[in-house]
Amino acid sequence: MEHADVYALFCMENDPQTWQYSSLHQAPYTEPEIEQFVLTAPREIERSGQLRLVIEHHHEVVGAVDLYDYAPSSGVAWVSIIVYPPSLRGRGLALAALGGLIERSQKMGLSELRAQINCDNEASLALFRAAGFDSFDDFSHTEECTAEGSVIVRLDIARHIASHLVLGARGERLAAEYLVDRGFTIIERNWRAPLEDFRFGEIDIVAMRDGALYFVEVKSRSSDCVEGEFSPLASFTARKVERLSVITSHYLSLTGFDGEVFHALICVNIPVGRSVEVRYFPVQF
């Protein structure tokens with residue numbers, strides 16, 4: 001958090017509609033209180049047991065993710081998330097933020113994330129399921145309301161990351177086969193810029209067909225490639241588009257290619273016990 005985030009957080013925290021599903025805060029804060037919190041909040045979860053991260057979209061603060069009640073002995077922390085204003089919900093911002101939080105939590109050394117969700121908050125339950133959270137009972141795989149009318153879900157970070165690595169590798173192989181079957185030639189797989197430019201990230205697949213170059217992002221899932229908020233296209237946030245634009249330009253400058261260029265996303269659905277589904281989505285920046 002930065003001082004520039006104060007006003008956005010002030011508006012978010014003081015909208016009574018945001019208190020509907022929270023038991024942590026049910027009263028307004030003053031702007032000086034928010035400012036003091038931003039200026040003094042610890043940057044490491046180990047110091048206070050909590051950490052707040054803001055969600056940005058088009059360089060504007062549009063929500064926050066909180067880690068709290070961190071237990072160092074077990075590596076468990078609880079998570080809550082909000083996208084604000086409500087008009088920005090349903091665009092995949094919360095799902096993208098949770099994905100980033102999971103990766104960051106692994107780097108921080110956390111082993112498990114948990115969330116407590118009101119039973120009637122169907123949107124939040126769907127969000128956490130889409131992010132990979134499951135019920136607290138590993139054997140039932142169903143959520144059951146507590147006496148307080150809430151559901152507890154959790155995510156084993158190491159298992160989640162490992163399964164996603166295996167799933168992702170298989171998905172990229174299937175995506176490449178899908179392209180070859182349709183007349184594409186695979187030019188690159190998992191292409192990264194030279195060492196000094198690693199900050200630009202990675203292109204999953206670079207392919208060519210009919211003299212045009214295609215930059216392909218691959219999303220591998222164990223659930224359906226659905227439309228709407230949890231569509232893989234929803235992951236194309238402004239930040240991701242900016243990153244892909246930079247790395248595309250860098251690739252073109254290194255190779256000297258000056259023909260037609262297209263971007264695409266391939267979603268590979270690899271469900272347990274069912275046939276694999278591969279879907280191709282053209283992407284326009």
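**Close-up views of a predicted model**

**View 1. An open sheet of five strands.** The strands follow the order β7-β8-β9-β10-β11, and their pairing is mixed. At the edges stand β7 (185-192) and β11 (277-283); each has a single partner strand, so one side of each is left without a neighbour in the sheet. From one strand to the next, the twist averages 30°. Keep in mind as you look around that this is a predicted model.

**View 2. Where β7 meets β8.** Let us zoom in on one edge of the sheet. Strand β8 covers residues 202-209, and β7 pairs with β8 in the antiparallel sense over six bridges. To find your place in this pairing, look for I186, which stands opposite A207 in β8.

**View 3. Helix α6 lying across the sheet.** Helix α6 (residues 157-181) lies across β7, β8, β9 (212-221), β10 (261-269) and β11. Relative to β9, the helix runs at about 140°. With its 25 residues, α6 reaches 36 Å from its first C-alpha to its last, close to the 36 Å expected at 1.5 Å a residue. Among the buried residues of α6 are I157, H160, I161, L174, A175, A176, Y178 and L179.

**View 4. The two ends of α6.** At the N-terminal end, D156 acts as a cap: one of its side-chain oxygens lies 3.3 Å from the backbone nitrogen of A158. Just after the helix comes G183, which takes a positive phi of about 90°.

**View 5. S220, a residue of strand β9.** This close-up centres on S220, which is found in β9. Is S220 buried or exposed? With a relative accessible area of 16%, S220 is buried, because buried means under 20%. S220 touches L167, G168, G171, E172 and V268, leaving aside residues up to four places away in sequence. Of these, L167, G168, G171 and E172 also appear among the buried residues of α6. H164 is another residue to look for: S220 and H164 are 56 residues apart in sequence, yet 8.1 Å apart in space, C-alpha to C-alpha.

**View 6. Helix α4 and the glycine that follows.** The last view turns to helix α4 (residues 93-107), which has 15 residues. From first C-alpha to last, α4 reaches 21 Å, close to the 21 Å expected at 1.5 Å a residue. Its buried residues include L93, A94, L95, A97, L98, L101, I102 and S105. An α-helix has 3.6 residues a turn, so residues three or four places apart point the same way. After α4 comes G109, whose phi is positive, near 90°.

Technical notes: Residues are numbered from 1 along each chain as its sequence is written. This is a predicted model: local features need pLDDT of at least 70, side-chain atom pairs count only at pLDDT 80 or more; totals for chains, interfaces and linings use all residues. Side-chain values use heavy atoms; hydrogens and water are left out. Two strands pair if DSSP finds at least two bridges between them. Helices (H or I, at least four residues) and strands (E, at least two) are DSSP runs, numbered from the N terminus. Axes are lines fitted to C-alpha atoms, for helices over the stretch in contact, and angles run from 0 to 180 degrees between N-to-C directions. Contact means heavy atoms within 4.5 Å. Buried means under 20% relative accessible area, exposed over 50%, partly exposed in between (1.4 Å probe, protein chains only). The expected span of a helix is 1.5 Å times one less than its number of residues. A polar contact is a pair of N or O atoms within 3.5 Å; within protein, one must be able to donate a hydrogen and the other to accept it, and residues adjacent in sequence count only if both atoms are side-chain atoms.
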